[in-house]
Amino acid sequence: MSFRATILTLYPDMFPGFLGQSLSGKAMERGDWSLETVQIRDFATDKHRSVDDTPSGGGAGMVLRPDILGQAIDSIASDERPRLLMSPRGKPLTQARVRELADGSGVVIVCGRFEGVDQRVIDGRNLEEVSIGDYVLSGGEPAAMILLDAVVRVLPGVMGNDQSGVHESFESGLLEHPHYTRPAEWEGRTIPDVLTSGNHAKIEKWRHEEALKLTQERRPDLIQALKK
Ligand code: ADE
């Protein structure tokens, strides 16, 4: 059974977007995963097909109505797939959570718009809020695509049996060491001698040290996490 993603959105035309290209696009063509969209607006009940309303208690922006979104969620046959809500209020996405999601049968993803989503539908439909970083997008759609990109590339068979998934950033808890390829000299810059020495033990040691140095400099929080 292949991985199934169902996206609830007001902008279904944004999909598959870049997910239709490159690695994820090829994986989709092979049937390793599938994507379907549900237009939330199809569940609106009034003649203006409105899906949002002003915030209770006042303030700026609009809030997605729980009745409309609830109906949209309930239109999806209930299964064991986790239901995510893309939101800057969510728990930050990690490579570990990406792996867990890829181990399952799929995801249902609600893309928020406006100022937010009525809290009762988050609670009542058990939505797991997920953030892709501490910045605010205009909607959850690009965030959903980024999450799916990260998940699809670690699905069984998608990256092939090469090792490139094992050595990459975050899998070891560290950022990656620098990479080089030919030419041996470019604009007066050379490749570190160790990399052309043929001594694999020395190369591994150098790469680990460089990864540690870079991580210490840019992401001391990751070093702290490794110590726990
Ligand atoms: N929607 C808007 N901003 C977001 C973010 N940072 N992460 C996930 N969803 C979002």
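How many bridges join strand β1 to β2, and in which sense do the two strands run? In this predicted model, strand β1 covers residues 3-9 and is joined to β2 by seven bridges. The two strands run parallel. One position within this strand pair can be named: Thr6 stands opposite Glu36 in β2.

Helix α5, residues 141-152, packs on the sheet to which these strands belong. The helix touches β1, β2, β5, β6 and β8. Here β5 spans residues 83-92 and β6 spans residues 106-111. The direction of α5 makes about 165° with that of β6.

The sheet itself is open and has five strands. Their order is β2-β1-β6-β5-β8, and the pairing is parallel. Two strands form the edges, β2 (33-39) and β8 (128-131). Each of these edge strands pairs on one side only. On average, neighbouring strands of this sheet are turned by 35° against each other, direction ignored.

Strand β5 has two partners in this order, β6 and β8. With β6, the pairing is parallel and runs over four bridges. Leu84 has Ile109 as its bridge partner in β6. With β8, β5 is joined by five bridges, again in the parallel sense. In that pair, Lys91 stands opposite Val130 of β8.

The surroundings of the ligand draw on the same region of the chain. Which elements give two or more residues to the shell around the ligand? They are β5 and β8. The largest contribution comes from β5, with three residues. The ligand is surrounded by Met86, Ser87, Pro88, Val130, Ser131, Ile132, Gly133, Tyr135, Val136, Leu137, Gly139 and Ala143. By class, the shell holds eight nonpolar residues, four polar residues and no charged residue. Val130 thus has two roles in this description: it surrounds the ligand together with the other shell residues, and it stands opposite Lys91 in the strand pairing.

Backbone atoms make polar contacts with nitrogen atoms of the ligand. A polar backbone atom of Gly133 is 3.0 Å from a ligand nitrogen. For Tyr135, a backbone N or O atom lies 2.8 Å from a nitrogen atom of the ligand. For Leu137, the distance from a backbone N or O atom to a ligand nitrogen is 3.0 Å. On its own, the ligand has 260 Å² of accessible area, and the protein covers 96% of that area.

A second open sheet has three strands in the order β3-β4-β7. Its pairing is mixed. The edge strands are β3 (52-53) and β7 (116-117), and each pairs on one side only. Strand β4, residues 63-64, pairs with β3 in the antiparallel sense over two bridges. Asp53 has Val63 in β4 as its bridge partner.

Several backbone features complete the description. Which residues does the cis peptide bond with omega of about -5° join? The bond joins Phe15 and Pro16. Pro16 is placed in the loop between β1 and α1 (22-30). Another peptide bond, from Arg182 to Pro183, is also cis, with omega near 5°. Pro183 is placed in the loop between α5 and β9 (185-186). Ser22 is not a glycine, yet has a positive phi of about 55°. This residue lies in helix α1.

Technical notes. Residues numbered from 1 in each chain as written. Predicted model: local features only at pLDDT ≥ 70, side-chain atom pairs only at ≥ 80, totals over all residues. Heavy atoms only, no water. Pairing = 2+ DSSP bridges. Axes fitted to C-alpha atoms, helices over the stretch in contact; angles between N-to-C directions. Contact = heavy atoms within 4.5 Å. Near = heavy atom within 4 Å. Polar contact = N/O pair within 3.5 Å; in protein donor to acceptor, adjacent residues only side chain to side chain. Areas by Shrake-Rupley, 256 points an atom, 1.4 Å probe, with all protein chains shown as cover. Nonpolar A, V, L, I, M, F, W, Y, C, P; charged D, E, K, R; others polar.
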